[in-house]
Structure formats: C-alpha cells, structure tokens
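These are my notebook entries on a structure that I went through in three steps: one helix, the cysteines, and the contact between two chains.

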Amino acid sequence: MMDMNYFSLTLCEAKKLLQQGEITSVQLTESIFSRIDAVEDKVKSFITLDREGSLVRAEEADRTRRQGRAGELGGLPIGVKDVLCTSNMRTTCGSRILEKFVPPYDATVIDKLNRAGAVIVGKTAMDEFAMGSTNENCAFGVPENPWCPGYVTGGSSGGSAACVSADESLAAIGSDTGGSIRQPASLCGIVGMKPTYGRVSRYGLVAFASSLDQVGPMTKDVSDCALMMNVISGYDKRDSTSINLPVPDYTAALTDDLQGMTVGVPVEYFSEGLDPEVEQVVRSGIDMLKDAGAEIREISLPHTDYCVAVYYLIAPAEASSNLARYDGVRYGYRDMEAETLLDMYQKSRSTGFGDEVKKRILIGTYALSAGYYDAYYKKASQVRTLIREDFTRAFAQCDVIVSPVTPTPAWKIGEKGDDPLALYLSDILTISANLAGIPGMSVPAGFSSEGLPIGIQLQGAHFNEEALLRTAWNIEQRAGIKGRRPELG
Amino acid sequence: MKITKEEVAQVARLARLELRPEEVARITSQLDAILGYVAKLDELDTQGVATTTHSRDIANAFRDDEVSQSLDHDRALTNAPLQKGEYFVVPRIIT
C-alpha cells in the first residue's frame with residue numbers, strides 16, 4: 001500500500017483497510033489534505049477547512065480502533081455541506097449574513113457522524129441558503145465541475161458533489177429541497193440520495209423550506225451510500241417531523257438481481273427538451289434493469305408539468321417565513337450604523353442576503369400576502385396533493401420509477417445568466433420527490449460526448465430506500481464506469 | 001403585468017428588505033415572469049381538493065413535559081452582534 005493514493009479509495013474500501021490495520025486514519029486524513037492542497041484551487045469545494053481538528057480526530061479514531069471500539073465510520077474523512085450546524089466550525093449557509101456564525105450546538109446528523117467516528121474535514125460550498133441549481137449563488141466563491149473546468153457543479157450541494165468527485169473527501173453530506181443532492185451528484189458523476197422526508201433528522205439543518213428539506217449522503221458508489229444511510233437515518237425527538245420507524249441495514253439491500261421487481265418509466269419525464277445523450281444513457285440504463293430481471297412498465301405521472309410552478313410558490317413561501325429570523329439581533333450580520341430597529345432589520349437583511357435569496361423571500365411574501373394567498377399558496381398546496389396522488393397511483397403499479405435526473409449534462413458557469421425561470425425549469429425532474437416526500441436517488445450511468453457525467457434518477461415509495469439502493473447497485477454493476485474519476489492533473 | 005414596481009416595493013417593506021431603485025426594476029421583471037409562469041396552475045380545477053402542507057401524515061407530535069438541559073445564557077449570547085449582561089442589545093425602541 002506504500003504507493004497508493006489513499007484519497008482515491010471509497011468509504012468501504014478505506015474502512016476495510018483500516019480494519020485490517022493496513023492503513024491508519026492519520027495516513028488517510030493526511031492523504032486527503034494533500035489531495036485538497038493539490039486540487040482545491042481548481043475545484044473550490046470548501047468554504048471552511050479544519051486541517052488541525054481533523055488530524056486530532058484521526059488520531060483519536062486510531063486510538064479508539066486500537067482499543068477495539070471503532071465506530072461505523074471510524075477514522076473516515078468526509079465533507080459536510082455548510083448548511084448543517086457544527087459547534088466547532090462556522091456554518092455560513094453560503095451567505096454573508098452567517099459569515100461568522102459558529103453554532104452553539106451540533107446538528108443531529110453531525111452528532112451521529114461524530115459518534116460513528118467520522119473525521120469531518122470541512123464545510124462545503126453551496127448556493128446561499130440552498131437556493132440555486134448551479135452553486136453560482138454561493139457568497140464565498142463558485143466551485144467548478146471536476147470533470148470540466150469552467151462548468152457548473154450543479155447545486156445547491158455543489159461543493160459536496162465536487163469534493164467527493166475530486167477525491168477531496170471519501171464521502172459527503174448534502175441537503176435536498178428540490179433536487180439539491182441528486183442534481184449535483186448527477187452532474188459531478190457521483191451517487192446521491194435524498195431519503196424519505198422524516199427518515200433523517202433535520203435538527204440543526206439551517207431551514208430553507210421545512211416541508212421539503214431533507215439531509216442525505218453523497219458518495220463515490222452505492223455501497224458507500226448504503227453505509228452512510230445506516231449512520232444518519234433514524235428518529236430524533238428533537239425533530240418532530242422525523243418518523244419513528246426502525247432503520248434497516250441498508251447494505252443488505254445490495255443484491256445482485258432485480259427478480260420480482262417492477263420498474264416504472266414515466267412518459268412525462270421523457271418529453272421535449274431532454275438532451276438526446278441523456279435520454280440514451282437512461283434508455284440503456286433501463287435495458288440494464290431488464291437484464292437484471294426487472295419487469296419494465298410504462299407509467300404516467302400526469303401532473304409533472306405543474307411541479308415547477310407548485311415548487312416555486314411553496315418553497316419561497318416557507319423560505320420567506322424561515323428567513324424572517326435573520327434580523328441582526330441574536331446572530332448573523334447586523335448593520336451597526338442603523339439608528340432605529342426597523343432600519344436595523346432592513347439594512348442588515350438587505351446587505352446580508354444575496355440577490356436570489358431576496359427574490360425568493362419576495363415571491364414567498366407575495367404568495368402569502370392578503371389577497372393573493374388563495375390564488376397562489378393555497379392553489380399550489382392543492383396541486384401538491386394531486387402530485388402526491390400521482391405517485392400513490394404509480395407505486396401501486398411499480399416498485400421503482402426510473403428517469404433522467406436533469407434534462408442536460410452540466411453547462412458553463414454563467415451560461416444561464418439572468419433568467420431565473422430557465423434555471424428553475426431545469427429542476428423539473430427532481431422537484432416532485434420533495435413535494436411528495438418520497439425518496440429519490442441519482443446513480444452515475446454514463447457520459448456525454450464531451451465527457452460530462454450523466455446520472456439516472458430512481459424514485460421509490462415512502463421509506464423504500466432499499467429498493468432504490470438495490471436498483472442503483474444493479475445499474476452500477478452493469479454500467480461499466482465505476483471507478484472512473486476526473487483527471488485533475 | 002402580473003406585478004408592478006409599486007407592489008414589489010410594498011412586498012419588500014413587508015419582508016423588511018430595502019431595495020435600490022434599479023433592484024426594484026430588475027426584480028419586478030423577474031417576478032413578473034415567474035408569476036406569469038405559475039399562473040399555469042389555473043389550468044387545473046382544484047375545487048374540493050384538499051391542501052398538502054406536509055407530505056407525511058403526522059398529527060401533533062407530543063413528548064413528555066420533562067425538564068432537561070437547555071442552552072445557557074453565555075452560549076446563547078456568543079453570536080449576538082451586541083450584548084450586555086444577559087441581554088441582546090438593539091437600538092432604542094421606545095423614545
């Protein structure tokens with residue numbers, strides 16, 4: 001193992017070597033930081049790095065392991081999206097308004113990672129308050145797609161996707177409100193899962209849209225995703241929307257065939273605007289599932305065309321309420337010159353928030369305001385019911401729904417310019433899982449002719465993450481691209 | 001026009017945001033496009049359809065009313081831009 005670049009290992013591979021005593025967590029963590037030193041200038045995945053703390057944690061993990069008490073993720077270096085509260089590291093949420101905010105407590109997911117012995121190397125770049133599909137809305141620099149410099153990583157968990165793809169961490173945590181785990185995972189060629197709403201605690205997750213937000217893993221392969229799910233899932237009394245159901249061993253779901261499973265192909269997800277290369281990758285993925293023994297069935301999700309409109313009312317409405325807390329009083333940026341309370345609120349918020357956040361607060365405030373509530377927020381909430389019912393009907397006919405994740409591969413930074421609607425529409429294939437609360441996943445399946453990664457999306461019924469993992473595993477086994485990494489020089 | 005500059009300025013006041021005139025103009029046209037797009041929901045008849053505010057059917061989540069450790073003053077105040085003793089300090093409210 002002398003010459004091996006440990007940073008290129010998967011989570012499970014590194015775990016095995018640690019267990020066998022072939023490597024130490026200190027070696028692994030040092031290798032990760034040497035990789036970060038080599039490529040971070042190009043990729044810009046991180047907002048904050050904790051080199052010293054990580055090495056201390058790694059030493060601790062090695063000590064614990066020698067005592068025979070290693071945790072599930074003992075000594076494994078991972079990145080965390082800067083949306084989860086960490087008491088030892090600032091948590092900016094990609095926003096100037098939280099630039100210096102060091103939370104007084106750890107999020108439950110952070111707590112679980114720490115208990116499992118993970119080494120959190122840093123906090124990753126994200127669109128401000130998770131609002132964006134490209135990571136261009138990050139106040140602290142825009143990460144670049146490791147597969148092609150100058151291209152977007154996707155968003156909003158773009159830093160997490162980039163750091164895993166570029167081997168700057170073995171795995172990462174993201175959050176997904178309308179596709180923010182699955183879309184960047186697809187654009188950066190890694191695995192990403194948005195669990196069922198309520199599967200993973202949201203305690204300590206900085207709130208964007210509380211009825212849609214969910215935390216999930218972003219990993220190099222499907223086995224790693226299952227391992228991470230084992231660690232972060234479960235009921236939390238501090239999150240009253242988390243669901244008290246037993247957590248299965250997700251790694252046991254990775255079996256080699258799909259006999260007895262029915263896979264639905266929604267006609268509406270293959271409409272015009274879908275890039276032909278993306279369609280081809282997804283169609284060949286469907287053939288792999290057939291080859292693995294699954295029955296393929298065409299299904300319909302008739303309200304798909306309305307999900308973007310529903311989402312861009314409900315998410316901003318919830319955001320406008322959640323972001324009211326940034327008032328310059330208890331934490332976050334305050335304009336110290338303001339002489340009256342109102343002036344302080346307005347100046348602090350107007351300086352602290354970026355353009356996209358302001359825009360969404362305004363849409364949400366408008367949609368909830370007197371005279372417009374029925375026409376916008378209530379109407380959207382009713383159509384949300386119709387979207388949920390589409391999925392209930394679909395899952396009576398199939399176990400898993402297969403589709404593209406995004407209509408196109410990654411595009412150039414700046415290319416979609418100042419047209420928010422065009423960007424919002426690119427979220428069309430991922431949004432409905434959040435509206436319905438179901439789990440969704442992205443698994444790498446191919447590449448465009450330009451060499452940009454293309455993922456396949458899998459969606460399942462509530463709490464059926466195991467079916468997604470099993471299906472994804474079978475795609476991974478057959479796609480023949482596992483282990484292919486970007487050349488970053 | 002779905003929304004006017006005056007309405008955007010009014011909504012900004014409600015949201016405690018201060019917009020520069022050029023921001024009002026740009027945001028008005030973007031909001032107008034977005035509101036024009038979401039109007040497609042009117043194509044659907046939703047008479048009698050229940051609203052979904054939450055994707056899972058959870059009723060009130062109760063817990064036992066037990067005293068437990070909570071954040072102490074010092075820790076709660078560490079991020080305050082301005083503080084004094086046990087208090088957050090804000091500009092004078094009553095004059």
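Before the first entry I fix one term: by helix I mean a DSSP run of H or I that is at least four residues long, numbered from the N terminus. I also note at the outset that this is a predicted model.

Entry 1, a helix of chain A. I looked up H7(A), which spans residues 222–232, and found that 10 of its 11 residues are buried, so the helix is largely enclosed by the rest of the structure. I listed the buried residues, and among them are A:Val222, A:Asp224, A:Cys225, A:Leu227, A:Met228, A:Met229 and A:Ile232. I then checked what flanks the helix: at the N-terminal end A:Asp221 acts as a cap, with a side-chain oxygen 3.3 Å from the backbone nitrogen of A:Ser223. Just after the helix I noted A:Gly234, which takes a positive phi of about 130 degrees.

Entry 2, the cysteines. How many disulfides does a search of the whole structure find? I found zero over all chains, and I went on to look at two cysteines of chain A. For A:Cys85 the closest cysteine sulfur is that of A:Cys93, and because the two sulfurs are 8.4 Å apart, they are too far for a bond. I added that A:Cys85 is buried, with a relative accessible area of 5%. For A:Cys148 the closest cysteine sulfur belongs to A:Cys188 at 11 Å, which is again too far for a bond, the cut-off for a disulfide being 2.5 Å between the sulfur atoms.

Entry 3, chain A against chain B. I recorded that the contact takes 69 residues from chain A and 50 residues from chain B, and that the two chains bury about 5,500 Å² between them, 64% of it on carbon and sulfur atoms. In chain A the residues that lose the most area to chain B are A:Tyr306, A:Leu362 and A:Tyr366, together 12% of what that side buries.

I then turned to the polar side of the interface, where the rule finds four salt bridges. I looked up the one between A:Lys347 and B:Glu18, whose closest N and O atoms are 3.9 Å apart. The count of residue pairs in polar contact between the two chains is 22.

Last, I asked which elements supply the side of chain A that touches chain B, and several helices each give at least two residues, including H9 (307–322), H10 (341–352) and H11 (355–368). H12(A) gives the most, with 12 residues. By class, I noted 37 nonpolar, 16 polar and 16 charged residues on that side of chain A.

Key
Residues are numbered from 1 along each chain as its sequence is written. Chains are lettered from A and ligands numbered from 1 in the order in which they are written. This is a predicted model: local features need pLDDT of at least 70, side-chain atom pairs count only at pLDDT 80 or more; totals for chains, interfaces and linings use all residues. Side-chain values use heavy atoms; hydrogens and water are left out. Contact means heavy atoms within 4.5 Å. Buried area is the accessible area (1.4 Å probe) that two parts lose on being put together, summed over both. A salt bridge is a side-chain nitrogen of Lys or Arg within 4 Å of a carboxyl oxygen of Asp or Glu. A polar contact is a pair of N or O atoms within 3.5 Å; within protein, one must be able to donate a hydrogen and the other to accept it, and residues adjacent in sequence count only if both atoms are side-chain atoms. Ala, Val, Leu, Ile, Met, Phe, Trp, Tyr, Cys and Pro count as nonpolar, Asp, Glu, Lys and Arg as charged, and the others, Gly among them, as polar. Buried means under 20% relative accessible area, exposed over 50%, partly exposed in between (1.4 Å probe, protein chains only).
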